[in-house]
Amino acid sequence: MQTLPIDELRAQARGEVISTEDEGYEDARRVYNAMIDRSPAVIVRAANAGDVVAGVNFAREHGLDLAVRGGGHSVPGFGTCDDGVVIDLSGMRGVRVDPSTSTARSEGGATWGDFNAATHAFGLATTGGIISTTGVAGLTLGGGIGYLARGFGLSIDNLVSADVVTADGQFVQASEREHDDLFWALRGGGGNFGVATSLEFQLHPVNEIYGGPMFYELSAVENVLRFYREYIADAPEQMGAFPAFQIAPPLPFIPEDRHGDAFIAIVACWAGPVEEGPKAFEPFHDVAPVVAEFVGPMPYPALNGAFDGLLPSGLHHYWKAAFVSELTDDAIAAHVTHGPDVPTVHSTMHLYPIDGAVHRVGAGDTAFAYRDANFATVIVGAWPDAAQSEANTAWVRRYYDAVAPHSEEGGYVNFMAGDDQDRVRANYNGNYDRLVAVKRAYDPGNLFHLNQNVVP
Ligand SMILES: Cc1cc2nc3c(=O)[nH]c(=O)nc-3n(C[C@H](O)[C@H](O)[C@H](O)COP(=O)(O)OP(=O)(O)OC[C@H]3O[C@@H](n4cnc5c(N)ncnc54)[C@H](O)[C@@H]3O)c2cc1C
């Protein structure tokens with residue numbers, strides 16, 4: 001193995017540069033998914049865009065693998081590598097809100113918790129994920145699905161511009177006005193095109209929402225899913241709601257004797273006038289008796305953080321995903337068969353609605369191609385103990401095999417497993433060839449290949 005001049009990199013960087021001998025290396029190499037155990041040669045904890053340039057140049061000049069880490073949540077572990085360079089952006093988490101234009105600029109390592117806290121102070125928000133510890137950049141570059149998507153589109157539909165360090169170490173600004181081809185590709189193309197050191201978003205007035213989870217008996221599962229299918233098709237766009245299979249955690253709002261039981265749940269967020277929330281939730285109460293619920297008015301960031309405790313860092317993860325155009329009776333039957341077997345309190349299946357404002361953007365307008373799909377399914381296997389790995393991955397695969405025939409060929413790149421690389425073309429549907437063209441222009445050597453890779 002070559003001896004790397006890591007001290008030269010150290011001399012260039014403002015942030016910490018951590019190599020295998022350094023104290024803190026073990027901590028620094030760890031990522032969210034405990035299934036991923038990799039040992040990079042060096043981790044650059046970037047303090048600014050200059051450090052990112054230094055890290056990109058170092059990897060390219062020494063022919064090393066390069067991994068980019070924002071929030072660290074990649075289930076396939078794209079935020080780390082063996083023997084290469086990791087650019088870790090977790091020290092770059094600032095979020096600046098401009099209330100005069102209702103926009104916010106977020107640094108490349110900010111999480112949705114950082115972002116929502118900053119924008120909430122101004123009564124503003126944009127579409128982000130449903131867990132506050134997930135990275136803004138990684139989630140956005142793949143598309144960005146969350147409670148507010150039906151009303152405001154995907155996270156990428158609210159992206160105004162991005163600062164990007166490309167594979168040749170250049171710093172560029174991408175927007176509709178500059179590097180518009182890169183801007184198009186960034187909106188769905190993931191980490192294929194460079195390191196986003198900051199992202200600028202359009203915000204919307206969202207302050208208090210009315211929301212939370214409702215748990216129903218498994219005996220009602222078919223009714224609940226059929227109801228959901230009909231309901232969401234015409235629901236007001238201020239309603240973000242999705243069904244989930246969930247084992248009841250030991251929380252005070254759930255009867256103690258039901259802790260540990262599996263339920264079908266609906267998790268909903270009403271972002272319209274908060275006083276209309278109870279009325280907006282009536283259909284959820286009419287469909288079947290609610291065994292337990294934690295529903296009410298709350299600040300939007302509170303709902304965004306409400307499920308963080310179910311998914312702490314350090315669990316083992318394996319996920320599968322697919323887009324769904326029509327939730328057929330056969331698809332529902334597959335959910336009814338496999339969802340109730342959800343193996344741990346951390347595991348789940350979510351069926352996110354991606355209609356409304358998401359459909360008003362054309363399939364070719366951004367790299368995110370499945371603009372006609374109505375749902376994004378994700379089957380989440382998450383468990384604490386390595387000894388449970390086989391049983392949990394088997395459940396995810398079994399469930400996925402049952403829903404796949406009723407789904408589109410492609411799925412959402414951010415929910416895909418590491419063994420899904422052969423689906424990348426399908427994930428981008430008609431947009432793949434254009435992504436390849438942009439990849440050839442900005443990263444012909446495929447320096448950024450640790451992702452759902454667009455091969456130049
Ligand atoms: C608990 C949990 C909840 C989730 N919930 C949602 C959800 O509600 N909605 C949703 O859409 N997705 C969700 N996801 C999926 C999520 O979008 C992806 O896991 C995403 O990759 C996470 O981004 P990150 O920055 O946290 O991860 P990282 O592991 O840091 O990054 C993943 C990849 O994204 C790219 N990347 C990250 N930061 C940058 C950057 N600054 N510049 C360039 N490339 C970058 C890189 O390719 C990197 O390898 C969730 C994931 C988890 C684990």
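**View 1. A lysine over a tyrosine ring and an arginine over a tryptophan ring in the predicted model.** Lys 320 is positioned over the face of Tyr 400, with a distance of 5.3 Å from the ring centre. In a second contact of a charge with a ring, the charged end of Arg 434 lies over Trp 184, 3.9 Å from the centre of that ring. Both placements are those of a predicted model.

**View 2. The aromatic pair of Phe 281 and Phe 284.** Searching the whole structure yields 21 aromatic pairs. In the pair shown, the ring centres of Phe 281 and Phe 284 are 5.2 Å apart and the planes meet at 85°; because planes over 60 degrees apart count as edge-to-face, the pair is assigned to that class. Phe 281 has a relative accessibility of 0% and therefore counts as buried. Phe 284 also has 0% relative accessibility, so this residue counts as buried.

**View 3. The aromatic pair of Phe 323 and Phe 368.** The two rings are arranged edge-to-face, with 5.6 Å from centre to centre and 75° between the planes. Phe 323 belongs to strand β17 (residues 316-324), whereas Phe 368 is located in the loop between β18 (348-353) and β19 (375-383); the pair therefore ties together parts that are 45 residues apart in sequence. Phe 323 and Phe 368 are both buried.

**View 4. A cluster of aromatic residues linked by ring pairs.** Phe 323 and Phe 368 recur here as members of a cluster. The other residues joined to them through ring pairs are Tyr 147, Phe 242, Trp 319, Tyr 352, Tyr 370, Tyr 412 and Phe 415.

**View 5. An open antiparallel sheet of five strands.** The strands follow the order β5-β6-β10-β8-β9, and their pairing is antiparallel. At the edges are β5 (95-98) and β9 (171-175), each of which pairs on one side only. From one strand to the next, the twist averages 15°.

**View 6. The pairing of β6 with β10, and helix α4 across the sheet strands.** Strand β6 (residues 103-107) and strand β10 (residues 195-202) run antiparallel and are joined by five bridges. Thr 103 stands opposite Gln 202, which is in β10. Helix α4 (residues 112-120) lies across β5, β6 and β10. Relative to β5, helix α4 runs at about 30°.

How values were computed: Residues are numbered from 1 along each chain as its sequence is written. This is a predicted model: local features need pLDDT of at least 70, side-chain atom pairs count only at pLDDT 80 or more; totals for chains, interfaces and linings use all residues. Side-chain values use heavy atoms; hydrogens and water are left out. Two strands pair if DSSP finds at least two bridges between them. Helices (H or I, at least four residues) and strands (E, at least two) are DSSP runs, numbered from the N terminus. Axes are lines fitted to C-alpha atoms, for helices over the stretch in contact, and angles run from 0 to 180 degrees between N-to-C directions. Contact means heavy atoms within 4.5 Å. Rings of Phe, Tyr and Trp (its six-membered ring) pair if their centres lie within 6.5 Å; planes under 30 degrees apart count as stacked, over 60 as edge-to-face and the rest as tilted. Buried means under 20% relative accessible area, exposed over 50%, partly exposed in between (1.4 Å probe, protein chains only). A charge sits over a ring if NZ of Lys or CZ of Arg is within 6 Å of the ring centre and within 35 degrees of the ring normal.
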